[in-house]
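Work through the exercises below with the model open. Try each task before reading its solution.

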Amino acid sequence: RLIYGQLAADYERVLGTQIWNGAGSSGELTGLLGLSGTNAISNVTATAAGMYVALAKAMSNVHTNSFVSANAIVMAPRRWNWLLSQVDTTGRPLVVPDMNGPYMATGVQTAAISAGYVGTMLGLPVYIDATCPLTLTTDQDAALVARFSDSLLMEGNVNTRVLPDVGSGTLTVRFQLYRYVAFTGGRRPTAISKINGIGMAAPAGF
């Protein structure tokens, strides 16, 4: 049970990595960052204002080029936590917890977790995902604004097996966990906006 729990967690990590940045060959899924025909948004300013403008442009590009609405924002945990640390000229945080009754906030935080739904910005739910690559163009991460309901992930049943013959010569066994998956990330590329650029470089301390 311990081994398969660890294998299941690693399966989720590998799957998330491929959805972001899979090569589309040699058994890998085609990741969203490598798709052609998507909307490329450059964030050139490492400020909360620069990030906010880039997100708005990303949402607008989905509307304009695909004639549908974006339904979520996904980013790396370090990018969201960096946004939580940003303050205005009087030291007030720009993204605030929802229990404080936010007024004119840049964003709202609803949960302090490592993965999943964490808040809202620009009227869209924000999700963080630790499998987002952090080394795009040296040390940059990326953010996606998209109509994710067009990107269907289909997963088969979880299969497990123990293969004692593989290492029988040294009295070792092989444990495997696998499932078959399909991903339609390229179904409507114009409904996906990718934000990168020097403004997405690693924030100090994050």
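**Exercise 1. A strand residue**

Is Ile128 buried or exposed? Find its element and its contacts too.

Solution. Keep in mind that the model is predicted.
- Step 1: Ile128 sits in strand S6.
- Step 2: The relative accessible area of Ile128 is 4%. Buried means under 20%, so Ile128 is buried.
- Step 3: Set aside residues up to four places away in sequence. Ile128 then touches Met75, Ala76, Pro77, Trp80, Ile113, Ser114, Ala115, Gly116 and Val118.
- Step 4: Take one pair along the chain. Ile128 and Arg78 are 50 residues apart in sequence, and their C-alpha atoms are separated by 8.8 Å.

**Exercise 2. The largest nonpolar core**

Which residues of the largest nonpolar core touch the most other members? Identify the contributing elements as well.

Solution.
- Step 1: The core has 26 residues, and Met51, Ile73, Met75, Trp80, Leu83, Val145 and Ile195 touch the most other members.
- Step 2: Two or more residues of this core come from each of helix H2 (48-66), S2, helix H3 (77-85), strand S5 (116-121), strand S6 (124-128) and S7.
- Step 3: H2 gives the most, with seven residues.
- Step 4: Another core lies apart from this one. It has 16 residues, among them Ile19, Leu35, Cys132 and Phe183.
- Step 5: Now follow Met75. Not counting residues up to four places away in sequence, Met75 touches Met51, Trp80, Leu83, Val126, Tyr127, Ile128, Asp129, Ala142 and Ala143.
- Step 6: Add the background. In soluble globular proteins, nonpolar side chains tend to be buried together.

**Exercise 3. Two helices**

What span should helix H1 have at 1.5 Å a residue? Repeat the check for H2, then list the buried residues of both helices.

Solution.
- Step 1: Helix H1 covers residues 2-21, which is 20 residues. The expected span is 28 Å.
- Step 2: The end C-alpha atoms of H1 are 29 Å apart, which agrees.
- Step 3: H2 has 19 residues. From first C-alpha to last, H2 reaches 27 Å, close to the expected 27 Å.
- Step 4: In H1, the buried residues are Tyr11, Leu15, Gly16, Gln18, Ile19 and Trp20.
- Step 5: These buried residues of H1 pack against strands S2 (72-75), S7 (143-146), S8 (153-155), S10 (172-178) and S11 (181-183).
- Step 6: In H2, the buried residues are Ala48, Gly50, Met51, Ala54, Leu55, Ala58, Met59, Val62 and Ser66.
- Step 7: Check what comes after H2. Phe67 follows, and its phi is positive, near 60°.

**Exercise 4. Three loop residues**

Where do Leu122, Thr138 and Ser151 lie? Classify each by accessibility.

Solution.
- Step 1: Leu122 is in the loop between S5 and S6. Leu122 is not a glycine, yet its phi is positive, about 55°.
- Step 2: The relative accessibility of Leu122 is 24%, so this residue counts as partly exposed.
- Step 3: Thr138 is in the loop between S6 and S7. Thr138 also has a positive phi, of about 80°, although it is not a glycine.
- Step 4: Exposed means over 50%. Thr138 has a relative accessible area of 68%, so Thr138 is exposed.
- Step 5: Ser151 is in the loop between S7 and S8. Its relative accessibility is 14%, so Ser151 counts as buried.
- Step 6: Look at the surroundings of Ser151. Leaving aside neighbours within four places in sequence, Ser151 contacts Leu32, Phe183, Thr184, Gly185 and Ile192.

**Exercise 5. The surface and the whole chain**

Which residues form a nonpolar patch on the surface? Then describe the protein overall.

Solution.
- Step 1: The patch consists of Ile3, Val162, Val173 and Phe175. Together they have about 300 Å² of accessible area.
- Step 2: Val162 belongs to strand S9 (residues 159-167). Its relative accessible area is 43%, so Val162 is partly exposed.
- Step 3: The protein has three helices and twelve strands.
- Step 4: Its C-alpha trace spans about 70 × 35 × 30 Å along the principal axes.
- Step 5: The protein has 206 residues, and 36% of them count as buried.
- Step 6: The accessible surface comes to about 11200 Å². Carbon and sulfur atoms hold 56% of this area.
- Step 7: Consider contacts with a separation of 6 or more. Residues 24 or more positions apart account for 66% of them.

Notes. Residues numbered from 1 in each chain as written. Heavy atoms only, no water. Patch = residues over 30% accessible without salt bridge, like charges linked within 9 Å, V, L, I, M, F, W, Y side chains within 5 Å. Areas by Shrake-Rupley, 256 points an atom, 1.4 Å probe, with all protein chains shown as cover. Salt bridge = Lys/Arg side-chain N within 4 Å of Asp/Glu carboxyl O. Helix = DSSP H or I, 4+ residues; strand = E, 2+ residues; numbered from the N terminus. Buried < 20%, exposed > 50% of the residue type's maximum accessible area, 1.4 Å probe, protein only. Expected span 1.5 Å × (residues − 1). Contact = heavy atoms within 4.5 Å. Core = buried A, V, L, I, M, F, W, Y, C linked by side-chain atoms within 4.5 Å.
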